[in-house]
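User: I should like to go through this model feature by feature. Please reason briefly each time and finish on the item requested.

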Amino acid sequence: MRRKENKITQRIILSLIASMVTMSLSAQTATKRPSLVVGIMIDGLNQEYIDQLRDLFGADGFNRIMKDGIILQNVDYGTYLDNTAATAVIFSGSAPSVNGISGQEIFDNEKNKSYPILLDPSKIGNYTSETYSPSALLVSTLTDEVKIDGDGLNQVHSIAPDAIQSIIMAGHASNSAFWINDISGKWATSTFYKDVPSVISNRNYKKPLSTRLDAIAWEPTLNIKSYPDVPEHKRSYPFRYIFAKNDRDRYRMFKASACVNNEVTSVATEYISTLSLGNHSGVVDMLNIAYTLTPYQYSRTPDSRVETMDAYIKLDRDLAQLFSAIDSSVGMKNTLVFIAGTPARNRTRRDDEKWNIPSGQFSTRRAISLLNMYLMAKHGNGEWVNNIHRNNIFLNHKLIKDKNIDIVSMRQDAAQFILRMSGVANAYTIDDIIARRVGENPEALHRNTNINHAGDIIFTITPGWSIEDTNQSSNNNLVVRAATSSAPVFILAPSVKAPKISYPVDARAIAPTVARLLRIRSPNSAATTPLQF
């Protein structure tokens, strides 16, 4: 009996020892969390272009991402969103109906005017007259959660060509958010953010863009014959764009070009080295960056495929430069990088009339006039329509209330009339959108519509048509094309295997996934389950 008890005791002891050894080994092999996270938004990123141009890329840019990173080929935003709203989805883990960011601009129906969604007159611009803050962003972001996790002892910064995108990436708690001012070309910010890194001060005073832009020209990086699938006539006339001093749009043109990506990269690498990002003990630092790959809106011809391919080649070199700076400072093995594409814009230059592509022009002024006359014939005199802004029709709520008319019926009546106009493909009332009764994907249309910013009727234009809109003069020459609502996302994380996922992934899953890899809280509105690798 005693011998049997001794054997049992020995087994228990051996089991305990084995467990302790296993726990010890697990502790030794546990992955140290990254000390730096770099979030990169790329407007218009397209997986097909990456696949097409891989042989022209170097080893350390896109090819490094494709080799070592987690590849999510089809990250679905639900419906088409501009880069402002798409960036908010990625960083908050929630849709516009929740996070409050429905697009670059919104329309105030009571004041009958539009304004940038992040406009905040209570703030002051620094190196700019623009007054912005993230107050319209109603939820926490991945950036905020990184800052909170470090108890404010870490460094968190954002840089982008565009003001709104920079601030959304920065969130509410960042040290700084900078962008390129459209008028002066200086790197600008809002007094909402407290830090002005020396990198910015040196650039603005010692080597401002205004003194360098005359020497910058955008022309093919490679021999024109190297670009694949280029028609012969495009090979004969390589593009070249300059940003002349006497052109008042020179900074806007520069910001829309592939050249701006190098400027952003140069600032980003200086941030990494001068601020010692990733080298602050016990905390995670974060740097957010935005690039553009959208078709060049100032292109001389509708066919800007060579410019787009060249933009990818230039960005490949910029990414290699960025990764090299990270390797030199903190090491990629200590860094988590996530790269999220946003859907390419759904408007391009009109094709030459000689091709006989069906087209037309939808005039918002004419639509307002005709709809108003129709409603007057039914309901009496009055200005029944306030305005049309970005495919949203805003009715006169005060007049409708004063006349004691049911607004739901009025919206339905107006939508049916608009739908009969030439060039209109679809017209939905906000009531039908909220009730999830309309659209090819009713649930996605519902979550991507913010009721506080939407009009009474939302309509879409027939592909090939352009919109003549007095509120959007810069877009009046662009025609509508069917737009995708997806883009690729890449994640490079230390000690994480690199799967390739081709099935659709909800864009709202990116923030909680990155948060899980960083071992921090997800943003407070992120309800989607993190991806498991």
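User: In which loop does asparagine 112 lie?

Analyst: This is a predicted model, in which local features need pLDDT of at least 70, side-chain atom pairs count only at pLDDT 80 or more, and totals for chains, interfaces and linings use all residues. Residues are numbered from 1 along each chain as its sequence is written, and side-chain values use heavy atoms, with hydrogens and water left out. Helices (H or I, at least four residues) and strands (E, at least two) are DSSP runs numbered from the N terminus. Asparagine 112 lies in the loop between β3 (105-108) and β4 (113-116).

User: Is asparagine 112 buried, partly exposed or exposed?

Analyst: Most residues other than glycine have a negative phi. Asparagine 112 has a positive phi of about 60 degrees although it is not a glycine. Buried means under 20% relative accessible area, exposed over 50%, and partly exposed in between (1.4 Å probe, protein chains only). With a relative accessibility of 37%, asparagine 112 is therefore partly exposed.

User: What separates the C-alpha atoms of lysine 111 and lysine 245?

Analyst: Lysine 111 is also a residue of the loop between β3 and β4. Its relative accessible area is 60%, so lysine 111 counts as exposed. Lysine 245 is 134 residues apart from lysine 111 along the chain, and their C-alpha atoms are separated by 37 Å.

User: In what order do the four strands of the open sheet stand?

Analyst: Two strands pair if DSSP finds at least two bridges between them. In the open sheet the pairing is antiparallel, and the order of the four strands is β15-β16-β18-β17.

User: Why is one side of β15 and of β17 left without a neighbour in the sheet?

Analyst: The strands of this sheet follow the order β15-β16-β18-β17. One side of β15 (385-389) and one of β17 (424-429) lack a neighbour because both strands stand at the edges, each with a single partner strand. From one strand to the next, the twist averages 20 degrees.

User: Which residue in β18 stands opposite isoleucine 393?

Analyst: Strand β16 covers residues 392-395 and strand β18 residues 457-461; they pair in the antiparallel sense over two bridges. Opposite isoleucine 393 in β18 stands isoleucine 457.

User: At what angle does helix α16 run to β17?

Analyst: Axes are lines fitted to C-alpha atoms, for helices over the stretch in contact (heavy atoms within 4.5 Å). Angles run from 0 to 180 degrees between N-to-C directions. Helix α16 (residues 407-419) lies across β16, β17 and β18, and its angle to β17 is about 175 degrees.

User: Which residues of α16 are buried?

Analyst: The 13 residues of α16 reach 18 Å from first C-alpha to last, close to the expected 18 Å (1.5 Å times one less than the number of residues). The cover over its buried residues includes α14, β16, α15 (397-402), β17, α17 (430-434) and β18. The buried residues of α16 are Met410, Arg411, Asp413, Ala414, Ala415, Phe417 and Ile418.

User: Is arginine 390 buried, partly exposed or exposed?

Analyst: Arginine 390 is found in the loop between β15 and β16. Its phi is positive, at about 50 degrees, although arginine 390 is not a glycine. Given a relative accessible area of 33%, arginine 390 is therefore partly exposed.

User: Which residue in β22 is the bridge partner of isoleucine 71?

Analyst: Strand β2 (residues 70-76) pairs with strand β21 (residues 486-492) in the antiparallel sense over five bridges. In β21, isoleucine 71 has phenylalanine 490 as its bridge partner. Strand β22 (residues 500-501) pairs with β2 in the parallel sense over two bridges. There, the bridge partner of isoleucine 71 is lysine 500.

User: Which residue in β23 stands opposite valine 75?

Analyst: Strand β23 (residues 505-506) and β2 pair in the parallel sense over two bridges. Opposite valine 75 in β23 stands valine 505.

User: What phi does arginine 519 take, just after α19?

Analyst: Helix α19 (residues 510-518) is mostly covered, with eight of its nine residues buried. Among them are Ile510, Val514 and Leu518. Just after α19, arginine 519 takes a positive phi of about 60 degrees.
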